[in-house]
Amino acid sequence: MANCRESDTKIRAVADQLLSAGLNLLSVLDRASLGAVPAVGKWGSVILIGNSGAHMWQQMSAAYRDRKNPVDEYAYDTVHSAMVEYLPEREWQILFPDGDHSTDECPPLQQLGALAGWHHPSPLGTGINNKSGLWFAYRAVVGVVSELTPSDIAETESPCVSCVDQPCVQACPAAAIDYRKMPDMRACATYRLQPQSPCADSCLARLACPIAVNNQYSKAQLAHHYHRSLPSLRAWLESAG
């Protein structure tokens, strides 16, 4: 019991250090939850880490923003530092992001998020959270050999279920959003890649969502994420014919 309390204290210390860096979401999943999840079921516990809102971007220094993969590198370095400081005696590995390319595959982030109670499907194809809305992201996954006390999981319903006005549908200039099915990614990609597209560096449908509007990313952060996705989006559209 003492060992469990000690581990709980150290996990809280890790969470506090990550919180100050803008990585303000953390959930511990135990082996019972992970048994059917590919790539992570072999671990005794998994620590799922994310960010909600704009604080992480504000904490990232200009030195990180000039790197090849600034957000991944910032998350990796920050998580690694916290784990080394507070859990040096445990056997663990950062499974995502893959700082040294030693892992075989990326953990299924949305599946882990659903197990943690963070993730509900949305008409945009991304996850939506009751408290964070569309303004959260998965930033790191740490596998721990030993078992840690799992986090409490709140049972929640997607806010999209009770959304009557569906403003994201109305706001999408590509008419790619439909509450009855997954988004039309071809229509979305084609519109985003048009010259002078307003969706090249943002998403009008995402901005129209009324959930957690105070959590919205800044224009600079939106532009960073959306501009970086354009080359892969173009390659996908070309390969899809």
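1. Ser52 stands opposite Phe136 in strand S6. This pair belongs to a predicted model. The strand that S6 meets here is S2 (residues 45–52), and the two pair in the antiparallel sense over eight bridges.

2. On S3 (residues 92–96), S6 has another antiparallel partner, with four bridges between them. In this pairing Ile94 is the residue opposite Val142 of S6.

3. The strand order in the sheet is S1-S2-S6-S3; the sheet is open, has four strands and pairs in the antiparallel sense. S1 (25–30) and S3 are the edge strands, each with pairing on one side only. From one strand to the next, the twist averages 25 degrees.

4. Helix H5 (residues 70–86) packs on this sheet and touches S2, S3 and S6. The direction of H5 makes about 165 degrees with that of S3.

5. Is strand S6 largely enclosed or not, and why? Nine of the nine residues in S6 (residues 136–144) are buried, so the strand is largely enclosed by the rest of the structure. Buried here means under 20% relative accessible area. The surroundings of S6 described above include the pairing with S2, the pairing with S3 and the contact with H5.

Methods:
Residues numbered from 1 in each chain as written. Predicted model: local features only at pLDDT ≥ 70, side-chain atom pairs only at ≥ 80, totals over all residues. Heavy atoms only, no water. Buried < 20%, exposed > 50% of the residue type's maximum accessible area, 1.4 Å probe, protein only. Pairing = 2+ DSSP bridges. Axes fitted to C-alpha atoms, helices over the stretch in contact; angles between N-to-C directions. Contact = heavy atoms within 4.5 Å.
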